[in-house]
Amino acid sequence: MILVIGGGPAGRFAAVRLGNAGREVLLVEKGAIGGQCLNYGCMAVCALNDAARHMQRNREFAAAGILDGAPEIHFPALLGGMDRVQEKIRAVLDQETKNAGVEILYGSTARLDGRKVFIDGEEVEAEAVVIATGSVPAVPAVEGISLPGVYTAHTLPRMETLPGDLVIVGGGVQAAEFAYIFSMLGSRVTVLARSAFLKGLDPRLRRLALKELKDVDIKECAALNGVNGNERVERVSYGGNEPGDCRADAVLLAAGLVPNAAMIEGVEKGLKGEVRVNDRMETSVKGVYAAGDVTGGPFLTPVARLQGVVAAENILGIDRRFDPAAVPQSISLANELAFCTAGDDEGVEFSVPAPAGPGSFWSVPSGDTGLGKIRVDRESGEVRGVWAASPGAGIIATYMADAIRHRRTVHDLDGLLDVHPIPDGVHGLIGYAASWLRDHPKE
């Protein structure tokens, strides 16, 4: 029997791959199948972002006289509807996993100590183990952090009413996405970023993000010092260059994730508690593999899925390696802000505003149709980076990331026909870059 600990993207993909290969697989899941992505992360953000974008568009239509007034959100109904859809998806994943021949044990706790495995305290035999216990929200150790009204992505579904004043703690992707969502739903949002907000993001994408978050009060270099209140949250205090405090009906902690590895012992770990693995997803203990968030960042679902498959195939005797090169990422605001690079800053850059198309036609008056940008090697024409802001930028970045990994050139892609109309500025840049390189050969 092969034991998989955790039913998130990494564990489920590992289990299904092994089950489809005819192996006996037991998947132990303490909570709900789907892991961080379905239950607290990607799908929850999708659900809330859909509502936020709808509210923004309705306000724009009302301002233009197209709609007679804009509707108001019914927040408890939004969370209730989201939960019902998530439950339906959980049922699909459960059946899909069982159809692969995988046995799922819900509500049980698995613990590992080196090569010894325990389920609900009882030791069991397993020919191989895949650790896929995921991650949990990072919670700063400050005064008042346990007051009612302080939430993480895991506890957000317990929020009973839409906060009038919401403080979001964090300066990365998750904080930006929640800031957009709650500002569009009607909250007054303040973001406390410990350092720079969206640091490391391409400057042009960052400017677009800040424009889409124009109604959010973003305080940079403002670390959370404490949460204050009597029976629940009332105010928060922060330090930094301009220390102060602000009113808060609720606080949402969105300062990143940490590996969920407290129940894993006897294997080598890193400084942040992550389980160390090689490119075959093998741990320091023979026969024990790990995949997904428990191995550390970048805490992305596609990475976790691929790592789970790599672990499974090596258990099956197939020599497969995980290569983390050119991983596409995206931030979901009014547009998707997607990007992927080859890991260097070399090359010639070309950029253009994204054209109007599905999802962006009514953004033309405000000049918010987005962006297309690519970086190309001057000599070979290889694509070295892509940045896109549009309603479907994530799809663009997905395929351009594959082009980066396989060292495709703009000459290879020149002549590519798109489906028109499409709000994609990248496609047009490929042909332009190819012709520019032909007209400007490197001396």
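1. A good place to start is Arg 235, which counts as partly exposed because its relative accessibility is 34%. This is a predicted model, so please read every value below as computed from that prediction. Arg 235 has a salt-bridge partner in Asp 245, with 3.2 Å from N to O. The pair joins distant parts of the chain, with Arg 235 in strand β14 (residues 235-238) and Asp 245 in strand β15 (residues 244-247), 10 residues apart. Asp 245 is partly exposed as well, since its relative accessible area is 41%.

2. Next, have a look at Arg 375 and Asp 345. Their closest N and O atoms lie 3.9 Å apart, and the two form a salt bridge; the cut-off is 4 Å. Here 30 residues separate the partners: Arg 375 belongs to strand β23 (residues 371-376), while Asp 345 sits in the loop between β21 (336-341) and β22 (348-353). Is Arg 375 buried or exposed? Arg 375 is buried, because its relative accessibility is 7%. Asp 345, on the other hand, is exposed, because its value is 67%.

3. That pair belongs to a wider arrangement. Salt bridges link Asp 202, Asp 345, Glu 349, Lys 373 and Arg 375 in a network. Over the whole model, the count of salt bridges is 28.

4. One further pair deserves your attention: Arg 407 and Glu 382 meet in a salt bridge whose closest N and O atoms are 3.2 Å apart. Both residues lie in loops, Arg 407 between α8 (393-405) and α9 (410-413), and Glu 382 between β23 and β24 (383-390), with the two positions 25 residues apart. Glu 382 is buried, as its relative accessible area of 12% is under the 20% limit.

5. On to the nonpolar surface. Which residues form a nonpolar patch there? They are Ile 66, Leu 67, Phe 361 and Trp 362, which together have about 400 Å² of accessible area. Ile 66 lies in the loop between α3 (42-63) and α4 (75-99), and Ile 66 counts as partly exposed because its relative accessibility is 43%.

6. Helix α4 itself passes a simple geometry check. At 1.5 Å a residue, its 25 residues should span 36 Å, and the end C-alpha atoms are indeed 36 Å apart, so the two values agree. Following α4 comes Gly 101, with a positive phi near 90 degrees.

7. The buried residues of α4 include the nonpolar names you might look for, such as Leu 78, Leu 79, Met 82 and Leu 93, but also Gln 86, Arg 90 and Asp 94. The packing partners of these buried residues are α1 (9-20), α2 (35-39), α3, β3 (102-106) and α5 (173-185).

8. Finally, the overall picture. The protein has 10 helices and 24 strands. Its radius of gyration is 23 Å, close to the 22 Å given by the globule rule for 443 residues, so the protein is as compact as a globular protein of that length. Along the principal axes, the C-alpha atoms fill a box of roughly 65 × 65 × 45 Å. Of the 443 residues, 49% count as buried. The accessible surface is about 20,900 Å², and carbon and sulfur atoms account for 51% of that area. Among contacts between residues at least 6 apart in sequence, 65% bring together residues at least 24 apart.

Notes: Residues are numbered from 1 along each chain as its sequence is written. This is a predicted model: local features need pLDDT of at least 70, side-chain atom pairs count only at pLDDT 80 or more; totals for chains, interfaces and linings use all residues. Side-chain values use heavy atoms; hydrogens and water are left out. A salt bridge is a side-chain nitrogen of Lys or Arg within 4 Å of a carboxyl oxygen of Asp or Glu. Helices (H or I, at least four residues) and strands (E, at least two) are DSSP runs, numbered from the N terminus. Buried means under 20% relative accessible area, exposed over 50%, partly exposed in between (1.4 Å probe, protein chains only). Patches are made of residues with over 30% relative accessible area and no salt bridge: like charges are joined within 9 Å, nonpolar side chains (Val, Leu, Ile, Met, Phe, Trp, Tyr) within 5 Å. Accessible areas come from the Shrake-Rupley method with a 1.4 Å probe; for residues, only the protein chains shown count as cover. The radius of gyration is taken over C-alpha atoms; the globule rule is 2.2 Å times the number of residues to the power 0.38. Contact means heavy atoms within 4.5 Å. The expected span of a helix is 1.5 Å times one less than its number of residues.
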